[in-house]
Amino acid sequence: MTKNIDPRHYDVIVAPVITEKATTASEFNKVVFKVDGKATKPQIKEAVEKLFDVKVKSVNTLVRKGKVKAFRGTFGSQSDVKRAVVTLEEGHRIDVTTGL
């Protein structure tokens, strides 16, 4: 059985975020993803529902500003990263440790 997945969904969801805070959130039916900087909440919701075959309750987004770093007197900054905290409906789960 092949799913009808739009290739653009793979551009919206960049990678899962696996941190202590994200792991704690997974106990409350929440999953954290790195997403494209221009992605909107409806696009993120549609991409997660199609790629993982789950029902999404809500999507919250945040932009983590890049840190300023110094290396041998030269200053530079890391890129900003947009993240999405996706809340799933009851009974739906995503195990990000197994992949797609």
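Is Lys65 buried or exposed? At 58% relative accessibility, Lys65 counts as exposed, where exposed means over 50% relative accessible area, buried under 20%, and partly exposed in between, with a 1.4 Å probe and protein chains only. The tour returns to this residue after a look at the whole chain.

Before selecting anything, note that this is a predicted model, in which local features need pLDDT of at least 70 and side-chain atom pairs count only at pLDDT 80 or more, while totals for chains, interfaces and linings use all residues. Residues are numbered from 1 along each chain as its sequence is written, and side-chain values use heavy atoms, with hydrogens and water left out.

**The whole chain**

Show the chain as a cartoon and follow it from the N terminus, where the elements run α-β-α-β-α-β-β-β-β. There are three helices and six strands; helices (H or I, at least four residues) and strands (E, at least two) are DSSP runs, numbered from the N terminus. The C-alpha atoms fill a box of roughly 55 × 30 × 25 Å, taken along the principal axes. Of the 100 residues of the chain, 28% count as buried.

**The nonpolar core**

Next select Ile13, Phe33, Ile44, Val48, Val86, Leu88 and Ile94, which touch the most other members of the largest nonpolar core, a set of 17 residues. Such a core is a set of buried Ala, Val, Leu, Ile, Met, Phe, Trp, Tyr and Cys residues joined through side-chain atoms within 4.5 Å. At least two residues of this core come from each of β2 (30–35), α3 (41–52), β3 and β6 (81–88). The element that gives the most to the core is α3, with four residues.

**The salt bridge**

Now go back to Lys65, in the loop between β3 and β4, and add Asp80 to the selection. Their side chains meet in a salt bridge at 4.0 Å, N to O, the term being used for a side-chain nitrogen of Lys or Arg within 4 Å of a carboxyl oxygen of Asp or Glu. The structure holds one salt bridge. This pair links distant parts of the chain, 15 residues apart, with Asp80 in the loop between β5 (74–77) and β6. Asp80 counts as partly exposed because its relative accessibility is 47%. For a long-range view from the other partner, draw a distance from Lys65 to Glu27: the two are 38 residues apart along the chain, and their C-alpha atoms are separated by 26 Å.

**The positive patch**

Which residues should be selected to see a positive surface patch? Lys34, Arg64, Lys67 and Lys69 form it. Patches are made of residues with over 30% relative accessible area and no salt bridge, in which like charges are joined within 9 Å and nonpolar side chains (Val, Leu, Ile, Met, Phe, Trp, Tyr) within 5 Å. Lys and Arg count as positive and Asp and Glu as negative, with His and the chain ends not counted. Within this group, Lys67 lies in the loop between β3 (56–64) and β4 (68–71), and at 51% relative accessibility Lys67 counts as exposed.

**Two residues with positive phi**

Select Asp53 in the loop between α3 and β3, then Arg72 in the loop between β4 and β5. Phi of Asp53 is near 55 degrees, a positive value in a residue other than glycine, and phi of Arg72 is likewise near 55 degrees. Most residues other than glycine have a negative phi. Asp53 is exposed, with a relative accessible area of 61%, and Arg72 is exposed, with 78%.

**Pairs to join with a distance line**

Turn to Ile5, in the segment before α1 (8–12), which counts as partly exposed at 24% relative accessibility. Ile5 and Ala47 are 42 residues apart in sequence and 8.8 Å apart in space, C-alpha to C-alpha.

Phe28 lies in the loop between α2 (20–25) and β2 and is exposed, with a relative accessible area of 58%. Along the chain, Phe28 and Leu88 are 60 residues apart, and their C-alpha atoms are separated by 8.9 Å; Leu88 was among the core residues selected above.

Finish at Glu89, in the segment after β6, which counts as partly exposed at 30% relative accessibility. How far apart in space are Glu89 and Leu51, C-alpha to C-alpha? They are 16 Å apart, with their positions 38 residues apart in sequence.

Definitions and conventions: Areas by Shrake-Rupley, 256 points an atom, 1.4 Å probe, with all protein chains shown as cover. Charge placed at Lys NZ, Arg CZ, Asp CG, Glu CD.
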